[in-house]
Amino acid sequence: MASPSEDDMHINPQRAKQLIDNIYQVTGSIKAANKTSREVRLIAVSKLKPAADVLVLHTAPNPHLHFGENYLQELQHKASVLPATIRWHFIGALQTNKCRPLAEIPNLWCVESVDTIKKSDQLEKGRRELCEREDGHELQKDGGLRVFVQVNTSGEEAKSGVEPGDEALELCRHIREKTPHLKLAGLMTIGAIARSQQSGENEDFVRLREVRDEVQEKIGGDPLELSMGMSADYETAVQMGSDEVRVGTGIFGERPRREDKAAKGDVEEGKG
């Protein structure tokens, strides 16, 4: 992996202050929306942002641990140049042929977007190979690489995810029973944009909660988490029981177009 450019790792003090202020505001909003004692995980979505932005937040007085990326090549690069103590989440659309190398990133903490048995099997192979090469006991100490099953709660054809009901149950059961190097952490949805902009209960969040409860009842085991809510609707998601929210622009600001980054060779071609 190429070494980071000087621009990629340069920390601008004014930028650093803005990032720390932004994440402080987001965490404050999460606490205000959380009416229970449960801990809500904040994934700072750093896709198409320089590694220096991540470094600022990870080395701040209150270090942030969880960061999300959408593209394999960008994640591999950042994981190779940033501290190993970062807990990386892959939150983008999965390609089957990218699953094995993805799972071989040592400090990959979670894959949020598993939607087929074939992809879960490829993640299992990659993680098993990593455990055979490195300290498998350390990598498996928490039960393996965490994965969320993505559910298409809105029914949109353009959205990835399994259908609620039997399809979701089948995939969750497969991961639980057939992939010993993976740990089924819960269910995730990316809801309809229109619903994220409405006030009141979000139908996608209601549906994901129902699916989680149905799956939990049928397969038992460790409690399954809900991963739902992004920059536009994370407070509603927390109010409705989300255990994890994914916030990018609310922390890092607007992103450059991916085409602009790709033209500079910063991300891989094709969909993530």
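These legends walk through four close-ups of a predicted model.

**Close-up 1. Helix 2 leans across helix 3.** Here we look at helix 2 (13-33) where it packs against helix 3 (residues 51-58). The two axes lie 10 Å apart, and the angle between them is about 60 degrees. That makes helix 2 oblique to helix 3, and the crossing is right-handed. On the helix 2 side, the touching residues are R15, A16, L19, I20 and I23, while helix 3 brings D53, V56 and L57. Sort the residues of this contact by class and you get six nonpolar, two charged and no polar ones.

**Close-up 2. The second largest pocket has helix 2 in its lining.** We stay with helix 2 for this view, but now the subject is an open space. General background helps: rolling a probe the size of a water molecule over the atoms shows where empty space is left. The second largest pocket has a volume of about 710 Å³. It is lined by 22 residues, and the closest to its centre are T27, V40, L42, P63 and H64. Which element gives the most to this lining? Helix 2 does, with six residues. Strand 1 (41-45) also takes part, supplying at least two residues of the lining. By class, the lining has 11 nonpolar, six charged and five polar residues.

**Close-up 3. Helix 6 runs alongside helix 8, roughly parallel to it.** The helices in this view are helix 6 (residues 117-133) and helix 8 (residues 166-178). Their axes come within 10 Å and cross at roughly 20 degrees. An angle under 35 degrees counts as roughly parallel, so helix 6 and helix 8 earn that label. The crossing of this pair is right-handed. Which residues of helix 6 meet helix 8? They are I117, S120 and D121, and across from them in helix 8 sit E170, L171, H174 and I175. The class count for this contact is three nonpolar, two polar and two charged residues.

**Close-up 4. Helix 8 also meets helix 10, this time at a slant.** Helix 8 is back, now with helix 10 (residues 203-219) as its partner. The axes of the two helices come within 10 Å and cross at roughly 50 degrees. Helix 8 and helix 10 are therefore oblique to each other, and helix 8 passes helix 10 in a right-handed crossing. From helix 8, the contact uses A168, L169, C172, R173 and R176; from helix 10, it uses V211, V215, K218 and I219. How do these residues divide by class? Six are nonpolar, three are charged and none are polar.

Note on methods. Residues numbered from 1 in each chain as written. Predicted model: local features only at pLDDT ≥ 70, side-chain atom pairs only at ≥ 80, totals over all residues. Heavy atoms only, no water. Axes fitted to C-alpha atoms, helices over the stretch in contact; angles between N-to-C directions. Helix = DSSP H or I, 4+ residues; strand = E, 2+ residues; numbered from the N terminus. Parallel < 35°, antiparallel > 145°, perpendicular 65-115°, else oblique. Left-handed = near helix turned anticlockwise from the far one by under 90°. Contact = heavy atoms within 4.5 Å. Nonpolar A, V, L, I, M, F, W, Y, C, P; charged D, E, K, R; others polar. 1 Å grid on protein atoms, 1.4 Å probe; cavity = no way out; pocket = protein on both sides within 12 Å on 5 of 7 lines; lining within 4 Å. Points joined across faces, edges and corners; volume = space filled by probe spheres on them.
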